[in-house]
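Work through the exercises below with the structure at hand. Each task is followed by a solution in steps.

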Amino acid sequence: MAGNLLNIGKTGLYAAQAGLATTGHNIANANVTGYSRQTVVQSTTTAQDMGYGFVGSGTQVAEIKRFSDEFLNVQVRNAQSATSALNAYNAQASQVDNLIADSTTGLAPSMQDFFKAVQDVSANAASTPSRQAFLSAAETLAARFQGLNGQMQDIRDGVNSQVTSNVTLINSYASQIAKLNDQISTLSNATGNAPNDLLDARDQLVLDLNKQVKATAMKGDNNTVTVSIGAGQPLVVGSKAFQLAATVSPTDPSRVEVGYLNGSKTTILSDASLSGGELGGLLDFRSNTLDPAQNALGRVAMTLAATFNAQNRLGQDASGKMGGDLFAPAPPAAGINKNTMPPDAANPSTVTATLVDPSQLTTSDYLVSYDQVQGAFTVKTLADPNKPPVTLPAYTQPGPQTAVIDGLSFSISGQQVAGDAFVVRPTANGAHQFAVAAKSIADIAAAGPVLANVAAGNRGAAKVSEGTVDASFTGVFPPATLKFEAATGELSGFPNGATVNVTVAGVTTPYLAGTDTIPFTDGASYTFNGATVSFNGKPVDQDKFTVGRTPPGGADNRNLLAMGQLQSKPIIDNGSATYQSAFAQIVSTVGNKAREVQVNGEASAAMLAQATSVQQSVSGVNLDEEAANLLKYQQAYQAAGKVMQIASTLFDTLLSLGR
């Protein structure tokens, strides 16, 4: 009896000792990140049937229980992933917002100064200082475009660097999780019990991994976890860790993409598939804020350059020559073929893009890819996933084959093979390549190249406009004297063989000079050889009007006035925005996005704090509770020792009876 009592006391002593050790372990690790509190779970040992009933034989430690709720852990991971993504996005978006919205260093002041110089030179067309100020303002505007684009490129390079760092960190976490999986599995098999501290360490690594990228952890055999990212790509399976790679984009050397390594093969993962975490926030920022902002800035630059060049080409310089380009045209950036051409391909396919209508230019990038089934190339607008791709006619190599889409002429040539694909970014380099082409003030075509006048001696009230030209005007324009014939109501004198388009109330009727009778209509405009004149008032018989090239020199400023009107003319986005309103839209879009991400980030941080608080209410160590447990287990230990002491006294009593 005494021996059994001694054993009972011993089991109680061991259980109390385990309780004290576990409580002390909790207290020691109370400030360790990711530690989950533990407790001793006791159970009774098997009782003995003594005939008069079952007598207990003591207690045993059933397990050391770890307080960890997987549901709450998942909530914390998801909240952490979202918060990290928004914080990373906000840090980058605020840089772009501050860059383009600055009232002193942004584009708006330089653009305003440029148009002021245009207005000044149009008011003083013969003034050399005004013309020089115009060129200086143009150079300043070009420098501002290039400077903004350069700073955006610096931000892009920073994103590339951070993507590379994040990939390295993700790979490190994956390797550590796989190593812990192996240790946990081995120990679980050997003892049948879970190594709680290793489970805590692994859970913390999974949480840290979610700070970098959204990761899902699924329970496996022997207390292991399988970790996946993106669209289900496994990152850790048992003791095996898969790796990501930061790799240069196959279509854009300036862009770092995230690849998934599977043996010797690297598969590029789409930005959209890597959501959450700092990496997801960076990729989201690059795709949805930086790329559109840089493209939109490039569109403003390319449209301004194209329209001013077109207008200057419609003017005449001081020497009497037609104007040339004021700005160096920025060619749309065509991507590199991401397909690996077979060794015997002597003439690989290529894609080029040319701007033909700046008013239709968008901020989208385009994917030009070869569809082997259709035997044709398709062009997909990447900014609008719902817009169906344009399928070109069946491709016949070596081409070229062209198609005009959104004001761009796509030209495809060479030997096409399955997998050929190009990403064309038409406006990405627009601001970077924006430069002044005019070398001197003589390159400014201020005058209108055609000048119409009322002949001296006219008796009628008809007046003729000074004249304008369109893009078909070649500069070769023999002078013409137009004469009104009252008997027939005809206006004669147009160059023989020229097509004369007469527009009355918006309706245009073509006539062939020398063959057709061309009627005179008050208020009508007459276009021939690329020049247009209009009449107002009624002439009398034999009234004449001269139309010819504008004499060199002088103070003619009609073409500069037309340039000045470009400031308020809605040209961009199919005629819905001016240059300045288009840039204001960039500022507004980026600013709204930055503010949206900031607000969402604050809300997400609050949700993370709340989820963490709930999780810690289950898993966290409460020092007051542990202090109470210390007293409880101390008393249990002392009581168990007292039981053993009594058992010893009883045993001594029995021995004394024998003596």
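A salt bridge is a side-chain nitrogen of Lys or Arg within 4 Å of a carboxyl oxygen of Asp or Glu. The model is predicted, and it holds 22 salt bridges.

**Exercise 1.** Decide why the side chains of glutamate 625 and arginine 37 count as a salt bridge, and state where the two residues lie.

Step 1. The N to O distance between the side chains of glutamate 625 and arginine 37 is 3.7 Å. The cut-off is 4 Å, so the pair qualifies.

Step 2. Glutamate 625 belongs to helix 10, while arginine 37 sits in the loop between helix 1 (2-28) and strand 1 (38-44). The pair therefore ties together parts that are 588 residues apart in sequence.

Step 3. Glutamate 625 has 35% relative accessibility and counts as partly exposed. Arginine 37, with a relative accessible area of 14%, is buried.

**Exercise 2.** Describe the salt bridge between aspartate 406 and lysine 387, and classify each residue as buried, partly exposed or exposed.

Step 1. The side chains of aspartate 406 and lysine 387 meet at 3.8 Å, N to O.

Step 2. Aspartate 406 is in the loop between strand 17 (401-405) and strand 18 (408-413), and lysine 387 is in the loop between strand 15 (376-381) and strand 16 (390-391). The parts that this pair ties together are 19 residues apart in sequence.

Step 3. Buried means under 20% relative accessible area. Aspartate 406 has 18% relative accessibility, so it is buried. Lysine 387, at 30%, counts as partly exposed.

**Exercise 3.** Repeat the analysis for arginine 558 and glutamate 466.

Step 1. In this salt bridge between arginine 558 and glutamate 466, the closest N and O atoms are 3.8 Å apart.

Step 2. Arginine 558 lies in helix 7 (residues 558-565), and glutamate 466 lies in the loop between strand 22 (463-464) and strand 23 (468-469). The pair links distant parts of the chain, 92 residues apart.

Step 3. The relative accessible area of arginine 558 is 16%, which makes it buried. Glutamate 466 has 44% relative accessibility and is partly exposed.

**Exercise 4.** Characterise the surroundings of arginine 286.

Step 1. Arginine 286 is part of helix 6 (residues 277-313). Its relative accessibility is 0%, and it counts as buried.

Step 2. A polar atom of the arginine 286 side chain lies 2.9 Å from the backbone oxygen of valine 256.

Step 3. Not counting residues up to four places away in sequence, arginine 286 touches residues including Arg156, Asn160, Glu257 and Pro292.

Step 4. Arg286 also belongs to a network of salt bridges, whose members include Arg156, Asp252, Asp365 and Arg425.

**Exercise 5.** Compare the expected span of helix 4 with the distance between its end C-alpha atoms.

Step 1. Helix 4 (residues 128-191) has 64 residues. The expected span is 1.5 Å times one less than the number of residues, which gives 94 Å for this helix.

Step 2. The end C-alpha atoms of helix 4 are 94 Å apart, in agreement with the expected span.

Step 3. Just after helix 4, glycine 192 has a positive phi of about 80 degrees.

**Exercise 6.** Is serine 604 buried or exposed, and which residues does it contact?

Step 1. Serine 604 is located in helix 9 (residues 579-619). At 7% relative accessibility, serine 604 is buried.

Step 2. Leaving aside neighbours within four places in sequence, serine 604 contacts Ala79, Ala82, Thr83 and Leu86.

Note on methods: Residues are numbered from 1 along each chain as its sequence is written. This is a predicted model: local features need pLDDT of at least 70, side-chain atom pairs count only at pLDDT 80 or more; totals for chains, interfaces and linings use all residues. Side-chain values use heavy atoms; hydrogens and water are left out. Helices (H or I, at least four residues) and strands (E, at least two) are DSSP runs, numbered from the N terminus. Buried means under 20% relative accessible area, exposed over 50%, partly exposed in between (1.4 Å probe, protein chains only). A polar contact is a pair of N or O atoms within 3.5 Å; within protein, one must be able to donate a hydrogen and the other to accept it, and residues adjacent in sequence count only if both atoms are side-chain atoms. Contact means heavy atoms within 4.5 Å.
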